[in-house]
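Student: Could we go through this one together? I'd like to start with charged pairs, then move on to cysteines and helix packing.

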Amino acid sequence: MENQVVSKNFIEQMIDKDLAEGVYDTVHTRFPPEPNGYLHIGHAKSILLNYGLAQKYGGKFNLRFDDTNPTKEKTEFVDSIRADVEWLGAEYEDRLYFASSYFQDMYEAAVKLIRKGKAFVCDLSAEEIREYRGTLTDPGKDSPYRNRSVEENLRLFEEMKNGVYADGEKVLRAKIDMASPNMNMRDPVIYRVAHMSHHNTGDAWCIYPMYDFAHPIEDAIEHITHSICTLEFEDHRPLYDWVVRELEYEQPPRQIEFAKMYLTNVVTGKRYIKRLVEEGIVDGWDDPRLVSIAALRRRGFTPESLRMFVELCGVSKSQSSADYAMLEYCIREDLKLKRPRYMAVLDPVKLVIDNYPEGQVEYLDAANNLENEELGSRRIPFCRELYIEREDFMEEPPKKYFRLFPGNEVRLMHAYFVKCESFVKDEKGRVTEIHCTYDPETKAGSGFTGRKVKGTIHWVPAPYAMTAQVRLYENIIDEEKGVYNEDGSLNLNPNSLTVVEQAYLEPGFAGAKPLDSFQFVRNGFFCVDSRDSTEEKLVFNRIVSLKSSFKLPKQG
């Protein structure tokens, strides 16, 4: 409807006001990750939010690495983050930046503050600075070095830059207000000495800016209009504003905070994921049981499903948790009309059709997706010996079991009715072969109406079957016990990975490539593993089962 009012989140309302009042004449956002680990689902929200705002307002979006802390940063993390951002579809064009490229600008900015009497070199140790800082109820005390002259501060700061002092021997602090009710404004440290090699600048610097000083300068240099960040930075906003104001930037950026996205019963903390990786509990940062973006991509999630999830979660100021089932709902919704539905048997038992001619094969027509004709159809070879799922046969079935059992008739999907006549067991009592007869009049699509059956089961033709390894994933956390034990360790689910070494697949899977995804009829959605799958041996990851406990809230 043309007159329909589109509800806007609070960030969009603030941007609308800024544009209407002429504070800015465009919108320029950025995603500024620190390259100290892999990104996770929470970062996807930030990426898509910042990129989405730039798109909505016809503005620009930057990718900038906030690499001011050389102790934890690696080129490996830079590469993984770029891959994640690009996979999500957030286009930054030629606007890829590094905070470390601005180290000279930041140094000059610090000199400017010293010249203005707004920064001083302090000799207190980190512990002494904490003691002088005061508490939430008591004001802090001025550093004994707070009133050094501008000339002395300039000299000492240059000596810091030139490597005269050891790590921790001196810091540069902003001179603001030690009695401020906001602890972040009590003469915060803005530069430290750190004799460390940097992944981007090597040994060019032995002093490094602190995040709260560097970040607003980066935003200002890049002409960011709206610096969107998470709620923990709300108390840092006065310092952000102080930095851009004292450095006299034109059209300084505005910081706006929103609530982080939390997922129930999911491990997102880098410290915990790092431990899982190092202890070999998972096989890397992209293990499909994790919710790093790399892991979700490897498992088979799509950028579209993550965008849908982020939209359903919304943007607000209040902290809340989303159910992992909602993320699963989004991938089911995205894939159900896009992917072919092929037959795969994960726990096979042989079915022999005794009255089907030996050596005969016929090709049956099957739609690739009954809900989407555009995906076309395929031809499946049908013959005397097939594989079916072991759970689709029972020797002594309970009531309302409509699949195969002695004397019962079912439809083989896309094929014929078959009736169970007998079965064979091994010495351990395990069924190894089921013998049936088929009715040639009941071919699917023939219009047969003579009688009905209540059960339909899928199958794979034994002589034409492909083999594959299939990995069935569950939550790595034991959901009944919660994420953490009392000692802070993780409550791990011992059944988070089940490996089926030899599943049988219909020939339609031939040519499947890494990250191709399919619906396995009745079993769920699966994706070809991007790391371990080969042409000789396909490996599939279960993305999600077909059953969902999640119900989308009713609108209105």
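**Charged pairs, cysteines and a helix crossing**

Tutor: Asp16 and Lys8 join their side chains in a salt bridge, at 2.9 Å from N to O. A salt bridge here is a side-chain nitrogen of Lys or Arg within 4 Å of a carboxyl oxygen of Asp or Glu. This is a predicted model, in which local features need pLDDT of at least 70 and side-chain atom pairs count only at pLDDT 80 or more, while totals for chains, interfaces and linings use all residues. Residues are numbered from 1 along each chain as its sequence is written, and side-chain values use heavy atoms, with hydrogens and water left out.

Student: Is Asp16 buried or exposed?

Tutor: Asp16 is partly exposed, because its relative accessible area is 25%. Buried means under 20% relative accessible area, exposed over 50%, and partly exposed in between, with a 1.4 Å probe and protein chains only. Lys8 is also partly exposed, with a relative accessible area of 32%.

Student: What does Arg30 form with Asp219?

Tutor: Arg30 forms a salt bridge with Asp219, and the closest N and O atoms are 3.2 Å apart. The pair links distant parts of the chain: Arg30 is in strand β1 (residues 28-31) and Asp219 in helix α7 (residues 211-221), 189 residues apart. Helices (H or I, at least four residues) and strands (E, at least two) are DSSP runs, numbered from the N terminus. Both Arg30 and Asp219 are buried.

Student: And which residue does Glu257 meet in a salt bridge?

Tutor: Lys317, at 3.1 Å from N to O. Glu257 lies in strand β9 (residues 254-258), and Lys317 in the loop between α11 (303-313) and β11 (320-322), 60 residues apart. Glu257 counts as buried, because its relative accessibility is 1%. Lys317 is partly exposed, with a relative accessible area of 36%.

Student: Which residues do shared partners join into one network?

Tutor: Asp283, Asp286, Arg298, Arg471, Asp529, Arg531 and Asp532 are joined into one network by salt bridges that share partners.

Student: How many salt bridges are found in the whole structure?

Tutor: A search of the whole structure gives 52.

Student: New topic. How many disulfides does the structure hold?

Tutor: The structure has 0 disulfides, a disulfide being a pair of cysteine sulfur atoms within 2.5 Å.

Student: Why is there no bond for Cys206?

Tutor: Because the closest cysteine sulfur, in Cys122, is 18 Å from the sulfur of Cys206, too far for a bond. Cys206 counts as buried at 10% relative accessibility. Cys527 is in no disulfide either, and the nearest cysteine sulfur, that of Cys330, is 17 Å away. Cys527 is buried too, at 0% relative accessibility.

Student: Back to α7. At roughly what angle do the axes of α7 and α8 cross?

Tutor: The axes of α7 and helix α8 (residues 237-246) cross at roughly 55 degrees and come within 9 Å. Axes are lines fitted to C-alpha atoms, for helices over the stretch in contact, and angles run from 0 to 180 degrees between N-to-C directions. The two helices, α7 and α8, are therefore oblique to each other; angles under 35 degrees count as roughly parallel, over 145 as roughly antiparallel, 65 to 115 as roughly perpendicular and the rest as oblique.

Student: Which residues in α7 meet α8?

Tutor: Asp212, Phe213, His215, Pro216, Ile217, Asp219 and Ala220 in α7 meet Leu239, Tyr240, Val243 and Val244 in α8. Contact means heavy atoms within 4.5 Å.
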